[in-house]
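Could you help me get to know this protein through a few short exercises? Please work each one through step by step, in a friendly way.

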Amino acid sequence: MTGFGARLLEATHGHGRLCVGLDPHPALLRQWGLGDDVAGLRGFSEICAEAFAGRVAVVKPQSAFFERFGARGIAVLEELISACRTAGTLVLLDVKRGDIGTTMAAYADAYLDPSAPLAVDAITVSPYVGVGALQPAFEAAVKHDAGVFVLALSSNPEGADVQRALAQGIVDDLGAYNVGADPMGSLGVVVGATVGELTVDLTGLNGPVLVPGVGAQGGTVADVRRLFGGLPGVLPAVSRGVLRTGPDVAALRATAARLNQELSAD
């Protein structure tokens, strides 16, 4: 097995840097002609698996949109994760968990232990109980060759004041964990494409950077280039900008391919 950082670089070299966000919110299900129910959710997931599995480097399902249907929704999420990972596409589950002690360890077991039903390649976590409290997730990531993305400067404007005060410390703490990892560590940060100016120094991170906010939230490919150009492991995430072209599988694939081409252009 190889650490997540190395696997991510390999995946993006083969399939481009685009991370496709899979957010089956009610309006999107209706737009696709699907019901806002478990059957509609399964239809959405099957289309996305056909469109993206084995064709993009990473998909990022938002767990909340599956959880709202209870156990049956979680079952659909399990099916989607399995289909994508079986095809070689990395799955980054957007769960933003953050807690202390045995609770954080339980979250890590739920998502990062390969024997777990919801096992994925990486998860998002929240650091606002303290980066040190996330240690169980970091340990699980090392043990299972998985990845963890810690919120630093997210794409939502409501968090700017708090996040800007803490972001550099978060990056520095994660950089300490990633020291010596080659070609790149497996602990990354989330920094939105909508931050305006990059007020945090990422050069010492030696880990991946998930970049949400491209597309509907106002971030652009040019913003990604301006803010993160030259950094390895940058993973721009687009959801609505891709999914709005569904449910036609060919159209979804074409949109993802176009965005990948734009993101790879000099």
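The exercises below, each with a worked solution, concern a predicted model.

**Exercise 1. The nonpolar cores**

Find out how many residues the largest nonpolar core has, and which helix gives the most to it.

Solution.
Step 1. Begin with the general idea: in soluble globular proteins, nonpolar side chains tend to be buried together.
Step 2. Here the largest nonpolar core has 74 residues. Those with the most contacts inside it are Leu 22, Phe 52, Val 148, Val 189, Phe 228 and Leu 243.
Step 3. Helix 3, residues 38-52, gives the most to this core, with eight residues.
Step 4. Now zoom in on Phe 52. Leaving out residues up to four places away in sequence, Phe 52 touches Val 20, Leu 22, Val 59, Thr 89, Val 242, Leu 243, Leu 252 and Ala 256.
Step 5. Apart from the largest core lies another one, of 17 residues, including Leu 8, Ala 122, Phe 149 and Met 184.

**Exercise 2. Two pockets**

Describe the largest pocket and the second largest pocket by volume and by lining.

Solution.
Step 1. The largest pocket holds about 480 Å³ of space, and the second largest has a volume of about 230 Å³.
Step 2. For the largest pocket, look at the lining: 24 residues, with Asp 23, Lys 60, Ser 155, Pro 212 and Gln 217 nearest the centre. Strand 3 (90-97) and strand 8 (234-238) are the elements that give two or more residues to this lining.
Step 3. Sort the lining of the largest pocket by character, and you get nine nonpolar, 10 polar and five charged residues.
Step 4. Turn to the second largest pocket, which is lined by 20 residues; Val 142, Asn 178, Ala 181, Gly 185 and Ser 186 are the closest to its centre. Its lining divides into 12 nonpolar, six polar and two charged residues.
Step 5. Helix 1 (4-15), helix 7 (135-144) and helix 8 (160-178) each supply at least two residues of the lining of the second largest pocket. Helix 7 has the largest share, three residues.

**Exercise 3. Helix 7 and its end**

Which residues of helix 7 are buried, and what do they pack against?

Solution.
Step 1. The buried residues of helix 7 are Pro 136, Ala 137, Phe 138, Ala 140, Ala 141 and His 144.
Step 2. They pack against helix 6 (101-112), strand 5 (147-153), helix 8 and strand 6 (187-191).
Step 3. Just after helix 7 comes Asp 145, with a positive phi of about 55°. Asp 145 counts as buried because its relative accessible area is 16%, under the 20% cut-off.

**Exercise 4. Unusual backbone spots**

Find where a residue in strand 3 has a positive phi, and which prolines follow a cis peptide bond.

Solution.
Step 1. Recall the usual case: most residues other than glycine have a negative phi, and most peptide bonds are trans.
Step 2. Lys 96 has a phi near 50°, a positive value in a residue other than glycine. Lys 96 sits in strand 3 and is partly exposed, at 39% relative accessibility.
Step 3. The bond from Asp 182 to Pro 183 is cis, with omega near 10°. Pro 183 is in the loop between helix 8 and strand 6.
Step 4. Gly 246 and Pro 247 are also joined by a cis peptide bond, with omega about 10°. The loop between helix 10 (240-243) and helix 11 (249-264) holds Pro 247.

**Exercise 5. Charged pairs**

Is each partner in the Asp 94 and Lys 60 salt bridge buried or exposed, and what other pairs can you find?

Solution.
Step 1. The count of salt bridges comes to 10.
Step 2. In one of them, the closest N and O atoms of Asp 94 and Lys 60 are 3.1 Å apart. Asp 94 is in strand 3 and Lys 60 in strand 2 (residues 58-61), 34 residues apart.
Step 3. Asp 94 is buried, at 6% relative accessibility, and Lys 60 is buried too, at 9%.
Step 4. Asp 121 pairs with Arg 85, again at 3.1 Å between the closest N and O atoms. Asp 121 is buried, at 4%, whereas Arg 85 is partly exposed, at 35%. Arg 7, Arg 85 and Asp 121 are linked in a network of salt bridges.
Step 5. Finally, Arg 226 and Glu 197 meet in a salt bridge of 3.5 Å, N to O. Arg 226 is partly exposed, at 44%, and Glu 197 is exposed, at 56%.

Key:
Residues numbered from 1 in each chain as written. Predicted model: local features only at pLDDT ≥ 70, side-chain atom pairs only at ≥ 80, totals over all residues. Heavy atoms only, no water. Core = buried A, V, L, I, M, F, W, Y, C linked by side-chain atoms within 4.5 Å. Buried < 20%, exposed > 50% of the residue type's maximum accessible area, 1.4 Å probe, protein only. Helix = DSSP H or I, 4+ residues; strand = E, 2+ residues; numbered from the N terminus. Contact = heavy atoms within 4.5 Å. 1 Å grid on protein atoms, 1.4 Å probe; cavity = no way out; pocket = protein on both sides within 12 Å on 5 of 7 lines; lining within 4 Å. Points joined across faces, edges and corners; volume = space filled by probe spheres on them. Nonpolar A, V, L, I, M, F, W, Y, C, P; charged D, E, K, R; others polar. Salt bridge = Lys/Arg side-chain N within 4 Å of Asp/Glu carboxyl O.
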